[in-house]
Amino acid sequence: MQVSILMSVYNGAATLEKAIESILAQTFTDFEFIICDDASTDSSLAIIERYAAIDTRIRVLCNEKNLGLGASLNRCLAIAQGEYIARQDADDISAPDRLERTLDYLMRTDCPYVGCGVLVFDESGVWNRRMFPEIITKHIIAQKNPFFHPTMIFKKDVIVSVGGYRVAPETRRTEDYDLVMRLAGQ
């Protein structure tokens, strides 16, 4: 398979089904979907297992205790078989052509990683659109994280070369920005 999609879930039952379905409905289909339940106390694991029973592209990991996003994503990364690594969060919905379009851009430009803009939504609908310049420089990265983590696709060897996600108290809740900073530094 070409792409491994990584998702960590902690008590995401309220939004998880839509997030999973948006990946399973992708126009690009050559992927494995690795979902790590981070010791949820709600019905997240049951939802994940239900989808895994009907789609063999889903691989399930379960943490015995809550490890946090970085450690859970590293567990997914360790078993990922794809040449490319994509991200999805349990509260995000991907457009049906998201993987196809971002992977196409990554391959055409030979970038080490790519991301795309997002439509920000809640139960009332879309209320904002966030986009960044097509060309991202180290100067932009130094000012703020220009990538929306759940839209990113990385060449696997690139993300592995920096050790994946850093698991440390100082990076908790900013694992994505820390990763982007380390990638830019490399």
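Which residue just after helix 4 takes a positive phi? It's aspartate 110, with a phi of about 55°. The model is a predicted one, so to speak a computed picture, in which local features need pLDDT of at least 70 and side-chain atom pairs count only at pLDDT 80 or more, while totals for chains, interfaces and linings use all residues. Residues are numbered from 1 along each chain as its sequence is written, and side-chain values use heavy atoms, with hydrogens and water left out.

To start with the whole chain, there are 7 helices and 8 strands, taken as DSSP runs (H or I of at least four residues for helices, E of at least two for strands) and numbered from the N terminus. Of the 186 residues, 45% are buried, where buried means under 20% relative accessible area, exposed means over 50%, and partly exposed lies in between (1.4 Å probe, protein chains only). Contacts (heavy atoms within 4.5 Å) reach far along the sequence: among those between residues at least 6 apart, 75% join residues at least 24 apart.

Back to helix 4, which covers residues 98-109. Its 12 residues should span 16 Å at 1.5 Å a residue, and the end C-alpha atoms sit 17 Å apart, which agrees; the expected span is 1.5 Å times one less than the number of residues. Arg98, Leu99, Thr102, Leu103 and Leu106 are the buried residues here. Looking down the axis, these fall within an arc of 105°, so they line one face of the helix; the arc is that of the directions from the helix axis to the C-beta atoms. An α-helix has 3.6 residues a turn, so residues three or four places apart point the same way. On the face turned away from the buried side are the exposed Arg101 and Arg108. The cover over the buried residues includes strand 1 (3-9), helix 1 (13-24) and strand 2 (31-37).

Helix 4 also feeds the largest nonpolar core, supplying at least two residues, as do strand 1, helix 1, strand 2, helix 2 (44-54) and strand 4. A nonpolar core is a set of buried Ala, Val, Leu, Ile, Met, Phe, Trp, Tyr and Cys residues joined through side-chain atoms within 4.5 Å. Of the 24 residues in this one, Ile20 and Phe33 touch the most other members. Setting aside neighbours within four places in sequence, isoleucine 20 is in contact with Phe33, Ile35, Ile47, Ile48, Tyr51 and Ile58. Another core, of 19 residues, lies apart from it, with Ile34, Leu77, Val180 and Leu183 among them.
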